[in-house]
Structure formats: C-alpha cells, structure tokens
Amino acid sequence: MVLPGRAMATFRLALIQLQVSSIKSENLTRACGLIREASKQGAQIVSLPECFNSPYGTKYFPDYAEKIPGDSTQKLSEVAKECSVYVIGGSIPEKDAGKLYNTCAVFGPDGTLLVKHRKLHLFDIDVPGKITFQESETLSPGDSFSSFDTPYCRVGLGICYDIRFAELAQIYAQRGCQLLVYPGAFNLTTGPAHWELLQRGRAVDNQVYVATASPARDEKASYVAWGHSTVVNPWGEVLAKAGTEETIVYADIDLKKLAEIRQQIPIFSQKRSDLYAVEAKKS
C-alpha cells in the first residue's frame, strides 16, 4: 500500500483503442506495439480494451479462450517489463477448470501479475428491435473485487457492464481507489445513450478519476463497438476522448485536483451511515 503523502501527485494514463481483428497473433503484436508507443509518450499506466485479442461475441469466446498465464498474458508481462509500465490488459476470454470468464490481467513494471479481474456482471440484455446479447450463454461471472497499488494511487478494476453497478465503484472508493478503469465495448445502442453518462456519474458520485478503454469501431464486425475511449476527472469533466478509429488516448491524472475536490465538497464525511450503507460481502 502507498502511504499517505508518499504517493506521486501526477502521472500519465494511456488508453489504447485497438482495432481488433479475427487474427489473435496480429491483435497481440499491434497491442504490444501500441503499449511501446504509449510508453515513449510518457505513459506510466497503459490500458488495453475489453476483448483485445479476440472478436467480441459468444461464438468466439470458446475458440479464443486461454489459460492465465498463457500466450497473450505472457506477451503483456514481457512488454510491461520491457517498457517499465503498468499494463491493464483489457480483457481476454479466459478458460479455467471447465469454465470461461471475461478476464483482465494487470502487470507491474517488473512484469509481475498483480491482479486478475473476472467480469462480475455478465452482459445479458434485450432491447427489442436494437440489440439482444447473452454473455451468460458461454461465460461465467467472477466473484471478487480487484484493485492494485501503484506509486501514484490505488486503482480499481471493472469490465464494461460492471460500470452500470454503482455499488462496485462505491466499494472501490471506500477501499481508497482514486482511479477506476473499465475496459469496455459498449455498442451503437447503449454507447450514445449511456457510455459517457455512466463514466461521469461514477466519477462524480465517488470523487475519483474514471477511464474506459474501448476497441476501435469495426462496422463489419458482428458486434460493432462504440469506441470513444474516455477519461473523466472527479469533477465530472471529460479530460480526453477518442473518436471511433484506432488511437491512443492520453490524460495526465492530477491527484492534487482530486484532493481539492474532496475538500471543497466533503461528501465522504457527510454520508449518513445511520441511515444507509453500501458494504462488501466478500473481501
């Protein structure tokens, strides 16, 4: 854990909006190349998008799934060490003990696996005439919170649909996270309606930075991602936002700004714990 007053007050975050193809090896090569590019531009924490090594879809997950550690995560470990950066590995389909998960592996600057987040809330929705999707057809949900410490701040993790659940973000904030990162692939129905709104809501409610890393948009894919990878500050301002194409989004995260906002609007000390509470049921 980083001791109060010992953390560095600013750091550079990079979100890689990768154009994902059906060729896993090509996705891995381009992802690692873009991590190197982000590192050259001064990024200290780099995130890939949800499902960065595979097309997004229940029919693809079984074929692209790997164990962790495995080939994809080994390459992320190597590039994290090579560039001496934290790598938030978006997500990949993970296979373990006969089940499949949508999993984010995080690596430290020495290449060590720091944490593995399995998507908690599966994307099962039905918007008539627009989109129906059932991740639970092939995936199982994770069952644990996931955060990791850096010299800058503690970082909490969610994947895509996890961002809709305010309680998860609240628990991360209670646990001292100052940045929440959600690799995610919203679509052309939910993206324009809720993508930015949810990020700004989570940021303001918890007075934290919120970042989302999306795949680039591919109009020919069976599932068309919204794109628009974004970073929001604790005031709810959008600091950086991508378009739809493959790109790297950078934002300088200022933890002094976060502390100032919490001092100006001290919601944490004003909560009515005599009336309500959000509590974790597992560690």
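1. Along strand S8 (residues 131-134), which side chains point to one face and are buried, and which point to the other and are not? Ile 131 and Phe 133 share one face and are buried. Thr 132 and Gln 134 point to the other face and are not buried. The side chains of strand S8 therefore alternate along its length. The reader should keep in mind that this is a predicted model.

2. The partner of strand S8 is strand S7 (residues 124-127). The two strands run antiparallel and are joined by 4 bridges. Within this pair, Ile 125 stands opposite Phe 133 of S8. Together S7 and S8 make a hairpin, with 3 residues between the strands. In the turn, Gly 129 has a positive phi of about 80 degrees.

3. Some overall values come next. The protein has 7 helices and 15 strands. Its C-alpha atoms fill a box of roughly 50 × 45 × 35 Å along the principal axes. For 283 residues, a compact globule would have a radius of gyration near 19 Å, and the 18 Å of the protein agrees with this. Of the 283 residues, 52% are buried. The exposed surface of the protein is about 12400 Å², and carbon and sulfur atoms supply 50% of that area. Among contacts between residues at least 6 apart in sequence, 69% join residues at least 24 apart.

4. One of the features to trace in the model is an open sheet of 6 strands. The strand order is S9-S10-S11-S12-S13-S14, and the pairing is mixed. Strand S9 (147-149) and strand S14 (238-241) are the edge strands, as each pairs on one side only. From one strand to the next, the twist averages 15 degrees. Helix H6 (residues 255-264) packs on the sheet and touches strand S11 (177-183) and strand S12 (209-213). The direction of H6 makes about 115 degrees with that of S11.

5. At one edge of the sheet, S9 runs antiparallel to strand S10 (residues 154-157), and 3 bridges join the two. Ser 147 stands opposite Gly 156 in S10.

6. Val 208 is found in the loop between helix H5 (190-206) and S12. Because its relative accessibility is 0%, Val 208 counts as buried. Leaving aside neighbours within four places in sequence, the contacts of Val 208 include Cys 177, Gln 178, Leu 180, Val 232, Leu 258 and Arg 262. The C-alpha atom of Val 208 is 30 Å from that of Phe 133, a residue 75 places away along the chain.

7. Thr 212 is found in strand S12. How is Thr 212 classed at 1% relative accessibility, buried or exposed? Thr 212 counts as buried, because 1% is under the 20% limit. The side chain of Thr 212 makes a polar contact of 2.7 Å with the side chain of Gln 199. Beyond residues up to four places away in sequence, Thr 212 touches Leu 15, Ile 163, Tyr 182, Trp 195, Gln 199, Ser 229 and Thr 230. Thr 212 and Gly 158 are 54 residues apart in sequence, yet their C-alpha atoms are 9.5 Å apart in space.

8. Ser 229, one of the residues that Thr 212 touches, lies in the loop between S12 and strand S13 (230-232). Ser 229 is buried, with a relative accessible area of 0%. Which side chain does the side chain of Ser 229 join in a polar contact of 2.8 Å? The partner is the side chain of Gln 17. The side chain of Ser 229 also reaches the backbone nitrogen of Ser 214 at 2.8 Å. Other contacts of Ser 229, apart from neighbours within four places in sequence, include Leu 15, Trp 195, Ala 240, Lys 241 and Val 249.

9. Arg 118 is found in strand S6 (residues 113-118). Why does Arg 118 count as buried? Its relative accessible area is 19%, and the limit for buried is under 20%, so Arg 118 falls within the buried class. The side chains of Arg 118 and Glu 94 are joined by a polar contact of 2.9 Å. Apart from neighbours within four places in sequence, Arg 118 is in contact with Glu 94, Asp 96, Tyr 101, Asn 102, Thr 103 and Gly 142.

Definitions and conventions. Residues are numbered from 1 along each chain as its sequence is written. This is a predicted model: local features need pLDDT of at least 70, side-chain atom pairs count only at pLDDT 80 or more; totals for chains, interfaces and linings use all residues. Side-chain values use heavy atoms; hydrogens and water are left out. Buried means under 20% relative accessible area, exposed over 50%, partly exposed in between (1.4 Å probe, protein chains only). A polar contact is a pair of N or O atoms within 3.5 Å; within protein, one must be able to donate a hydrogen and the other to accept it, and residues adjacent in sequence count only if both atoms are side-chain atoms. Contact means heavy atoms within 4.5 Å. Two strands pair if DSSP finds at least two bridges between them. Axes are lines fitted to C-alpha atoms, for helices over the stretch in contact, and angles run from 0 to 180 degrees between N-to-C directions. The radius of gyration is taken over C-alpha atoms; the globule rule is 2.2 Å times the number of residues to the power 0.38. Accessible areas come from the Shrake-Rupley method with a 1.4 Å probe; for residues, only the protein chains shown count as cover.
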